[in-house]
2 protein chains.
Amino acid sequence: MTTFRQLGEREVIRRLARLVPDRADVRVGIGDDVAVVGHAGAYDLLLTSDAVIENTHFLPDAPPESIGHKAIGRVLSDFAAMGGEPLWALVDLVAPAETPVEWAESVYRGAARLAARFHLAIVGGDTTGGPVRELHVFGVGRLPAGEAVLRSGARPGDVLYVTGALGGSLAGRHLDFEPRVAEGAWLREGRWATAMMDISDGLLVDLERMLERSRAGAELQSQRVPVAPDALAAKDGRSPLEHALGDGEDYELLFAVPAARVADFEAAWKARFKLPCSSVGTITAEPGRLVLRDRTGRVLTPGRAGYEHFA
Amino acid sequence: MTTFRQLGEREVIRRLARLVPDRADVRVGIGDDVAVVGHAGAYDLLLTSDAVIENTHFLPDAPPESIGHKAIGRVLSDFAAMGGEPLWALVDLVAPAETPVEWAESVYRGAARLAARFHLAIVGGDTTGGPVRELHVFGVGRLPAGEAVLRSGARPGDVLYVTGALGGSLAGRHLDFEPRVAEGAWLREGRWATAMMDISDGLLVDLERMLERSRAGAELQSQRVPVAPDALAAKDGRSPLEHALGDGEDYELLFAVPAARVADFEAAWKARFKLPCSSVGTITAEPGRLVLRDRTGRVLTPGRAGYEHFA
């Protein structure tokens, strides 16, 4: 017998993914930000689910509106990572019978406010008794058939970018982040991004996933990684860079742009968005080889690599 | 402050449903077996989600294959209740870090076996740490646009039918039931059913929901209610009829057929299915009035009305 803790989340999913039945209309199954399925017509559908669980994703005294915001925001961020348009969601609520209904109403108000801003309808849901409070959000989105921006498209020479700034999100941003839906759709429409994902488990861990799917490597420049003020303010003995590389729950976009289009891309981005976008490194040829260098060219070894659910 | 227990599941959902954002393409939102949304093309999509939670929906020592079977079966039963065709599902697993991966693999094997039989692809999923083991399944199905069989279509004079037999499912059937997907699709295709739903919380509670949506009443004949052998064998002081009316987790179909088509319907059903189908009563005009009579015409008052999640 092997436990979830021993095997780790990624390997658990890999073992379970082997067992599931497929259909001919499934374009992208388990292993990307969302599943992509073909349906009659000009659009592919995007299917995703995210859980927000008490003591894992929020503390018992977190503001309930923020919990709803986070649950919907995670699903919106998944759609952003493919360049998709949000359509419909179901929200399942698990809670002990002693939970105040007013708490649940506040959660739903936070969920509804963010969903409405992105034209995501909440069309169903369920409530069930359980030992802790949980939200499970299932989302359906769409994009033009065949145009999903996957994790698998990065090619050697592509320049890696991240939106916003990273690290220290536990100080509050993990509860009130802004999903990058408009940015993701714009990146897809302009065909700027060869590969894209959102940063949920930390830049290093998530980049490793992109490299695995793209069968490529990458070199990151540590001084280019955009460090959030929350990471600079952290006083726990870990450096701001370590926070930026490993904390996760940033919900920023990580994507690759072909080198030949970098100048056009940067000009077009600045003309369209106020949000900063930073080039942090390049894609290299050797599969799985991820190197981090400081400004002198010295190779750094990060102290802790992202967030692991069962570690 | 009011707790979930004080308000009850139905009223909690009613209060939360008021808060959620809508879209023009939502045909049926919160309140039926599944949500129905319009999409470009000849089909409507069906969206549903169901949770299966340790100590609520299964005991810790339940066979893991059965837990997977139940989780997928509940979603398939939702599609059956609309007359829909299953397409894709996501499966989210919550589990403590000490959970054996072999347990999860057995759960997935049970889920995969049932899903494959109904051509339901499992296209994604997630694993998250939490205090008890849970499965959350999100399903997408379809049917020809505008043809979903809702709870709201029952009319006075219609005859009420249930498939199979009811009661005592906790003895085992709740873990290995057969979702009535073929039966539901056949009822829709032949336009036999004016209203339909699956029986998850007990015949009386679920029929009340149909009556509420149809703004109608009903009269049930107690001697016609098909009582399952498990209900006859129960030795807990409650009568077999009480079990059949109130236990729930039957996952049989409850539907209404216009009186003028009853003879044709019964002949067509018998020619097509071996599964029994029993007429149990009729729809009446007075909204919300549900009457249960014995064979002498005397009105019975059931002792306990179905299953309530937070009671």
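This passage describes the fold of chain A in a predicted model, then its domains, its contacts with chain B and two residues with unusual backbone angles.

We can begin with the overall build of the chain. Ten helices and 13 strands make up the secondary structure of chain A. The radius of gyration of this chain is 19 Å, close to the 19 Å that the globule rule gives for 311 residues, so chain A is as compact as a globular protein of that length. Measured out along the principal axes, the C-alpha trace spans about 60 × 55 × 50 Å. Of the 311 residues in chain A, 55% are buried. Among contacts with a separation of 6 or more, 83% join residues that lie 24 or more positions apart in chain A.

An open sheet of six strands gives a convenient starting point for a closer look. Its strands follow the order 1-2-3-6-4-5 in chain A, and their pairing is mixed. Strand 1 (26-28) and strand 5 (121-129) of chain A occupy the edges; each has a single partner strand, so one side of each is left without a neighbour in the sheet. On average, neighbouring strands of this sheet are turned by 20° against each other, with direction ignored. Within the sheet, strand 4 (residues 85-95) and strand 6 (residues 134-144) of chain A are antiparallel partners, joined over nine bridges. One residue to look for here is A:Trp88, whose bridge partner in strand 6 of chain A is A:Val140. Helix 4 (residues 101-117) of chain A lies across strand 4, strand 5 and strand 6 of chain A, and runs at about 170° to strand 4.

At the level of domains, chain A is divided into domain 1 (4-144) and domain 2 (151-300). The centres of these two domains of chain A, taken over C-alpha atoms, are separated by 23 Å. Where the domains meet, 20 residues of domain 1 of chain A are in contact with 19 residues of domain 2 of chain A. On the domain 1 side, helix 3 (64-82) and strand 4 of chain A each supply at least two residues. Helix 3 of chain A provides the largest share of that side, with ten residues. By residue type, the domain 1 side divides into nine nonpolar, six polar and five charged residues.

The contacts between chains come next. Here 70 residues of chain B are in contact with 71 residues of chain A. Several elements of chain B each supply at least two residues of the side that touches chain A, including helix 2 (9-17), strand 3 (43-53), helix 4 (101-117) and strand 5 (121-129). That side of chain B comprises 40 nonpolar, 18 polar and twelve charged residues.

Finally, two residues of chain A deserve a look at their backbone angles. Most residues other than glycine have a negative phi. A:Asn55, although not a glycine, has a positive phi of about 75°. The residue sits in the loop between strand 3 (43-53) and helix 3 of chain A. A:Asn55 counts as exposed, because it has 12 C-beta neighbours inside 10 Å. A:Glu249 is likewise not a glycine and has a positive phi of about 55°. This glutamate is found in the loop between helix 9 (240-246) and strand 10 (253-257) of chain A. With 21 other C-beta atoms within 10 Å, A:Glu249 is buried.

How values were computed: Residues are numbered from 1 along each chain as its sequence is written. Chains are lettered from A and ligands numbered from 1 in the order in which they are written. This is a predicted model: local features need pLDDT of at least 70, side-chain atom pairs count only at pLDDT 80 or more; totals for chains, interfaces and linings use all residues. Helices (H or I, at least four residues) and strands (E, at least two) are DSSP runs, numbered from the N terminus. The radius of gyration is taken over C-alpha atoms; the globule rule is 2.2 Å times the number of residues to the power 0.38. A residue is buried if 20 or more other C-beta atoms lie within 10 Å of its own, exposed if 12 or fewer, and partly exposed in between; C-beta atoms are placed from the backbone. Two residues are in contact if their C-beta atoms, placed from the backbone, lie within 7 Å. Two strands pair if DSSP finds at least two bridges between them. Axes are lines fitted to C-alpha atoms, for helices over the stretch in contact, and angles run from 0 to 180 degrees between N-to-C directions. Ala, Val, Leu, Ile, Met, Phe, Trp, Tyr, Cys and Pro count as nonpolar, Asp, Glu, Lys and Arg as charged, and the others, Gly among them, as polar. Domain bounds come from an automatic or database domain assignment.
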